Amino acid sequence: MGKVHGSLARAGKVKSQTPKVEAQEKAKKKTGRAYMRILYNRRFVNVTTLPGGKRRIHAHSAKSRMTEARAKSKDWIIINSLSLTPTPLGSSLWDRPSVSSRPQPVTVSVAVPLASIRLAGASDGLANSVNYGTLAKTIERVVANRKEPFSCMEAMAEDVAAATFEEFSGVHEIQVVVAKPRALLHAKEAAVRITRKRGGDVVEHAEDRWDQILIRDLELSAIIGLNPWEREAKQVVRINLEMDVLTWKPSGSIPFDYKAVVWRVSKTVLDSSFLTVEALVTEIARVTFDMSSSASPHSITTAKGSSTVSGASIQRVTVRLGKPSALMFAESPEVQITRTPEDFQTSPLLAPTTKPKLLQHTVAISFGSNVGNRFMNIERALQSLEAHDAVKMVDTSFLYESDAMYVEDQRTFVNGACLITTSLGPQELLEHLKRVEVEVGRVPTFRNGPRVVDLDLIFYDDLVYDSRREETKTPMELMIPHVSMQERQFVLKPLNDIIPQFVHPSLNLTVSALYKDLLRQTAQSTTPSPSLRNVIPFHRRDPPPSFPMTPTEPEQEESQEAVPERYWTWGSKTHIMAIVNTTPDSFSDGGDHATVARAMEFIDTFSIASTIGPPPSTSTPTTASRVDMIDVGGYSTRPGAAAISVEEEIARTVPLIKAIRASSSSNSNSLISIDTFRGRVASAAMRAGADVVNDVYGLTKDADVLKVVNEAGCPVIMMHSRGDAGKDKGYEEVGGVMDGVRAELGAKVKRALEAGLRRWNVIVDPGLGFSKSVEDNVIMVRRLDEFTASQPSSSSSSSSSSSLASPTRSLETCVMSVHPLAGMPVLIGASRKSFLGKVMGVEGDDAKGRVAATVAAHVAAIQRGADVIRVHDVREAWDSVKVADALWRK
């Protein structure tokens with residue numbers, strides 16, 4: 001429009017710019033205006049000559065002209081869906097023998113534009129109109145008088161138009177729609193619409209010069225939608241197609257094969273997994289043009305064999321698609337588009353292109369081990385994997401212990417998954433994985449038998465690849481995605497930890513949906529399936545020299561292990577951490593354990609629970625209180641406590657750790673955590689025998705502590721705090737205390753994971769008593785189950801929808817997209833905290849008098865999902881944990 005208007009306006013005179021002009025000028029003396037209709041560059045434009053010689057140019061699209069003409073200058077006589085005597089009319093529901101000679105229901109609709117209706121309206125008679133009863137009978141005679149079956153809907157429409165012109169001399173134009181309600185299995189009807197003029201005159205507008213093939217209410221099932229629940233099951237979509245095709249001629253034209261188009265569209269929709277309706281309707285439009293893009297008849301292979309669609313016949317297509325199940329109180333939301341072949345030839349987004357080779361690929365790998373020290377085998381394999389210059393580890397899952405799946409008579413496996421980025425190709429990466437397996441010590445065994453380590457390539461970007469179909473023989477067989485992943489909980493569960501929203505390139509379901517489907521199948525199955533148990537290992541990458549590093553052979557498995565395994569199983573019991581502060585100024589036990597002798601005297605009052613293998617049943621009778629870990633601290637974090645030097649903190653803690661390790665009692669093998677935020681202190685404690693770092697600042701106060709933890713490969717407890725425990729207690733601006741703690745600690749955890757910390761090595765602590773009011777602390781215990789939820793609850797001030805990870809086919813966008821705290825094990829430390837005294841209404845009370853309140857808070861936290869409680873009073877904690885676990889844990 002702009003191009004026509006600009007050219008004519010700049011010319012000053014229309015005549016000089018229009019070598020081919022069709023004009024009829026009418027002078028209007030009252031206004032002094034003249035009007036012309038000209039054909040410029042094969043487009044009609046209106047030119048208005050204003051007083052003074054100025055011209056106004058109006059260029060209208062074909063659609064707007066047609067709508068305007070029908071609205072302003074045409075009245076219509078219409079018959080809708082006249083049912084005719086069943087008659088043979090080409091194919092129907094089933095392509096069975098002699099189908100073309102079998103009668104089927106047919107409806108005909110006609111629309112006759114008639115200018116004389118204005119006169120008929122004034123006279124209240126039919127002399128200037130068309131009797132629709134006579135028109136209906138005329139249409140019925142077309143079928144009744146036909147001696148040979150119609151070859152197609154187009155032929156019937158042509159005969160209806162011809163008969164109408166013959167019957168009514170005042171009719172000069174007609175639109176005919178012939179529809180077959182029983183033409184398609186999954187659609188309401190197929191139809192053809194034609195517009196014809198008396199005597200074969202050319203119809204003025206392009207839309208009417210074309211015939212239209214109509215497919216109405218084609219209902220199919222597809223995975224379509226952004227919401228996670230829409231990725232789990234197919235839903236019905238309703239499709240309407242209007243295809244503009246070249247005019248059908250009674251002699252020489254091939255009937256349009258609408259069934260071939262519907263077959264191709266149906267296959268596209270059923271196999272699709274688009275996130276948006278916009279993308280799906282665009283793909284449907286593209287597919288229709290693919291079938292008529294060649295100059296000669298275009299053959300496609302359908303379920304019944306080869307079919308032909310007349311070449312280059314589709315000029316334009318309108319696709320309308322609705323989702324009837326999307327909105328509760330609406331029939332359906334819909335998207336409608338109109339496209340021409342040029343839209344797909346010119347668009348860089350839609351035109352076929354050669355995708356450039358990516359410099360970086362994102363790959364999902366699963367791993368497992370059931371020989372020797374399984375945790376050390378996995379860690380060594382991952383270190384060797386990322387030692388390659390072209391490989392970078394970007395995320396890890398939790399670890400899971402599971403019974404062997406295929407060959408059950410063997411040791412349990414430990415499994416997990418990781419994401420890497422790499423510039424290696426699929427075959428190169430597979431070769432690297434196999435080299436790593438050999439380096440760690442894997443030796444050939446029988447299929448699905450014991451293995452030191454197993455590394456499987458699960459996803460490689462969104463690639464679908466099968467080396468067996470390659471013309472060039474590859475060194476090793478490789479299929480991507482992994483062909484058996486959807487039947488393996490020990491693969492899907494770890495993947496669900498880190499990429500739940502990733503859409504499987506072949507199955508068109510998200511990892512989360514596949515995992516839920518497998519759980520449903522397992523629940524309905526009569527055959528017991530291997531259960532998964534979330535575990536955390538306590539080992540270091542630099543074990544004591546007395547532990548050999550040689551990998552254990554399968555046949556040696558039962559007799560020895562290279563390094564004894566120590567691990568916890570999350571969910572099986574509540575673990576108890578005993579506080580041993582060597583400080584003179586801690587808020588509740590300052591000075592109680594200030595010397596090594598006094599600390600050891602306290603430690604000897606309880607026994608250490610076994611950390612080798614699964615924990616014993618909580619029903620096992622015991623007499624002594626049992627703890628699972630000793631937490632050694634040498635720096636008081638109470639408000640107003642004096643700062644001490646690194647050397648002083650080491651002097652307070654390291655001797656006690658060494659004394660525990662050197663003890664002749666069974667406690668010498670206990671797990672020990674070092675309560676510090678300093679890298680040098682953590683390093684010294686680890687060398688002395690500590691297993692875990694417990695940092696109240698979440699690895700952010702001292703940059704060195706994260707480096708120490710990563711190098712040691714040890715578990716870490718990351719607590720929420722804002723600095724001084726007694727200050728900065730406001731959370732109003734961040735949506736309340738729960739949202740604030742989740743966001744602030746989540747950011748610290750994400751930073752640590754991005755720096756290389758293994759997800760399975762993280763325990764999180766909401767930080768009761770640190771920068772929180774009394775009510776904030778109560779809320780954190782009351783709603784502790786939300787602390788590590790994958791998304792906030794409805795009670796949270798944040799919008800739950802904002803945190804839902806949208807399904808995606810990009811593995812790259814899945815990296816670190818899950819909430820950093822999701823699924824993390826939780827440690828709670830309410831022991832003797834001052835907020836308990838304030839809740840009890842006892843101000844300034846002795847901290848040691850809050851034992852019962854501590855038990856109540858911890859039991860409430862256990863009911864809300866706490867995995868570890870950090871306590872001063874071991875006996876009371878042990879008794880309360882036994883009761884709480886009996887109530888709430890299986």
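**Close-up 1. Helices α14 and α15 cross in this predicted model**. Helix α14 covers residues 596–603, and helix α15 covers residues 646–662. Their axes come within 10 Å and cross at roughly 45 degrees. That angle makes α14 oblique to α15. The crossing of α14 past α15 is right-handed. On the α14 side, the contact is made by Val596, Ala599, Met600 and Ile603. On the α15 side, Pro655, Leu656, Ala659 and Ile660 take part. By class, the residues of this contact are eight nonpolar, no polar and no charged.

**Close-up 2. Helices α23 and α24 pack at an angle of about 30 degrees**. Helix α23 spans residues 851–863, and helix α24 spans residues 874–888. Their axes lie 10 Å apart. The two helices count as roughly parallel, because angles under 35 degrees are classed that way. Their crossing is right-handed. From α23, the contact takes in Val851, Val855, Val859, Ile862 and Gln863. They meet Glu876, Ser880, Val881, Ala884, Asp885 and Trp888 of α24. This contact of α23 with α24 has seven nonpolar, two polar and two charged residues.

**Close-up 3. The largest nonpolar core holds 75 residues**. Six of its members touch the most other members: Phe606, Val693, Leu699, Met718, Val764 and Phe787. Helix α18, residues 737–754, supplies the largest share of this core, with seven residues. A second, separate core has 68 residues. Leu114, Met153, Met156 and Val335 are among them. In soluble globular proteins, nonpolar side chains tend to be buried together.

**Close-up 4. Val764 and its contacts**. Neighbours within four places in sequence are left aside here. Val764 is then in contact with Met718, Leu745, Val749, Phe787 and Thr788. Further along the chain, its contacts include Leu821, Met824, Pro825, Val826 and Leu827. Val764, Met718 and Phe787 are also among the core members that touch the most others.

**Close-up 5. Val414 is buried in strand β18**. The strand covers residues 413–422. Val414 has 1% relative accessibility, so Val414 counts as buried. Residues up to four places away in sequence are not counted among the contacts that follow. Val414 touches Phe367, Gly368, Ser369, Arg374, Phe375 and Ile378. Val414 also touches Leu399, Tyr400 and Glu401. Asp403 is 11 residues from Val414 along the chain. The C-alpha atoms of Val414 and Asp403 are separated by 8.9 Å.

Notes
Residues are numbered from 1 along each chain as its sequence is written. This is a predicted model: local features need pLDDT of at least 70, side-chain atom pairs count only at pLDDT 80 or more; totals for chains, interfaces and linings use all residues. Side-chain values use heavy atoms; hydrogens and water are left out. Axes are lines fitted to C-alpha atoms, for helices over the stretch in contact, and angles run from 0 to 180 degrees between N-to-C directions. Helices (H or I, at least four residues) and strands (E, at least two) are DSSP runs, numbered from the N terminus. Angles under 35 degrees count as roughly parallel, over 145 as roughly antiparallel, 65 to 115 as roughly perpendicular and the rest as oblique. A crossing is left-handed if the near helix is turned anticlockwise from the far one by less than a right angle, and right-handed if clockwise. Contact means heavy atoms within 4.5 Å. Ala, Val, Leu, Ile, Met, Phe, Trp, Tyr, Cys and Pro count as nonpolar, Asp, Glu, Lys and Arg as charged, and the others, Gly among them, as polar. A nonpolar core is a set of buried Ala, Val, Leu, Ile, Met, Phe, Trp, Tyr and Cys residues joined through side-chain atoms within 4.5 Å. Buried means under 20% relative accessible area, exposed over 50%, partly exposed in between (1.4 Å probe, protein chains only).
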